[in-house]
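Visitor: Hi! Could you walk me through this structure?
Guide: Happy to, let's have a look together.

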Amino acid sequence: MAVAVARATARVADYLRDHAPLLRKLQWGIVALYAFLLIVPAMMPLPDNTASVFNNLTVVAQFAFWGIWWPFVLVSMPIMGRAWCGLFCPEGMLTEWASERGQGHAIPRWMRWGGWPFVAFALTTIYGQLVSVYQYPLAVLAVLGGSTLAAMAVGWRYGRSKRVWCKYLCPVNGVFHLLAKLSPWHYRVNEEAWRHPVIRIQPVNCAPLVPLRQMKSAGDCHMCGRCSGYRGAITLAPRSPEDEIVRVADGDAWQTALLIFGMMGIAMGAFLWTASPWFVTIKQAAATWLIERDIMWPLLDNAPWFVLTHYPQVNDSFSWLDGACILFFIGATTAIVGGALYLALWLADRLLPMRADASRSTLGGAGVHKLAQALIPSAGIGVFLGLSATTITLLKHEGVSAHWANPVRFTLLTLAIAWTLRLAWRVMGQRTGAVGRRVAAWLVYAAGLVPFCVAWVLFFVIW
């Protein structure tokens, strides 16, 4: 059975390699649909309360982008790896197309900085909240369209037929990189076959700039199939979804920051503030303080729509105070949820024997970053639950009953937390055979997840 699955998997990769022109036509079709849904709604009047997915293109686009596309692209990563990036993503297609016709300059050092995945994710997430990207087509055009234009500009300027944008600057590259580590498929490299190829060697253009011979992680691979069979050494093969986290992935400081303070902190704050009565209390208290001191300018709602939400025609405009409170709320949530998680990882690392390659004199150390990798299932399901809340809202607007939503949500959250704790237990087992220390570290690790879980209870049940 296992041999049959492996052969079938390899044939799929060979099909992708041999039918690249057909896939390119499919990608251009997706680009056309993406551009249509991005541009046309932004040129139309805002929908009224009677607008429906059945009679209004703006609502159709909203449902397509935030109800289907983003939530389920995330789901695809731990199931199929980064196949979305390699086979379907319009930005990836356009940046590679631009690089084929561009200047081909060398990639600058500043672009190779390891912090871009975290910074780009944080800035895009926060900016999207300030301009209400889930609600308004102009905001979608600014966020997604701006990202697409930047991808094309980077492709035109740097690299030759490479996806430089995807490798270094894409706002979701870091998230996709982490989630793809859970994929049950990867391109396996046979070192012996690489050294002694028995077939004719033809050049391969690895657009996402993966060093093929050293490829052990599925995080950077776009699953496009171009390298399938290269040197008789690269094969798409099944694997355990836990294999990379436990045996391969060590992580680094920026991946840990993206997991803890990005996907589980900033994203959580971005989802929570719209439903939180605490946000309203904070804003009212701040407004009262300002009025008592006759400081009125923060209460004005005169910012342009691309800075803060400003749609007076539908009575929806953010004041400068609104923007400041959103930033404060997201920052506080990040500090509480992310801070608790980091403290738990730090303590758990101290309870375990020190890794040979770790230095506790530096911030975190290799042990903390390895332990953080086990958080990937929980971080991924958190982002999915937040995005799918928009899906549920849109379905309710169309009259679809959603009584099933909370049982499904908490089932998924429970399974993800359980998987995280199982991965953490296995990772800790590589550090010590002493059951007592392992259990103590595992309990501390689990305690760090409590604020994250409580936040979802507040969001879906109490608020």
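Visitor: How much area does the chain expose, and what share of it do carbon and sulfur atoms supply?
Guide: The chain exposes about 21300 Å², with 67% supplied by carbon and sulfur atoms. Accessible areas come from the Shrake-Rupley method with a 1.4 Å probe, and for residues only the protein chains shown count as cover. This is a predicted model: local features need pLDDT of at least 70, side-chain atom pairs count only at pLDDT 80 or more, and totals for chains, interfaces and linings use all residues. Residues are numbered from 1 along each chain as its sequence is written, and side-chain values use heavy atoms, leaving out hydrogens and water.

Visitor: And what percentage of the residues is buried?
Guide: Of the 463 residues, 51% are buried (under 20% relative accessible area, 1.4 Å probe, protein chains only).

Visitor: Switching topic, which domains is the chain divided into?
Guide: Domain 1 covers 1-180 and domain 2 covers 247-462; the bounds come from an automatic or database domain assignment. Their centres, taken over C-alpha atoms, are 23 Å apart. Each side brings residues to the contact: 40 from domain 1 and 40 from domain 2 (heavy atoms within 4.5 Å).

Visitor: Where does helix H3 have a kink?
Guide: At Trp 69, shortly before the proline Pro 71; the kink is about 30 degrees, and H3 spans residues 57-80. That bend is the angle between axes fitted to the seven residues ending there and the seven starting there. Helices (H or I, at least four residues) are DSSP runs numbered from the N terminus.

Visitor: What comes just after H3?
Guide: Gly 81, with a positive phi of about 70 degrees.

Methods. Helix = DSSP H or I, 4+ residues; strand = E, 2+ residues; numbered from the N terminus. Buried < 20%, exposed > 50% of the residue type's maximum accessible area, 1.4 Å probe, protein only.
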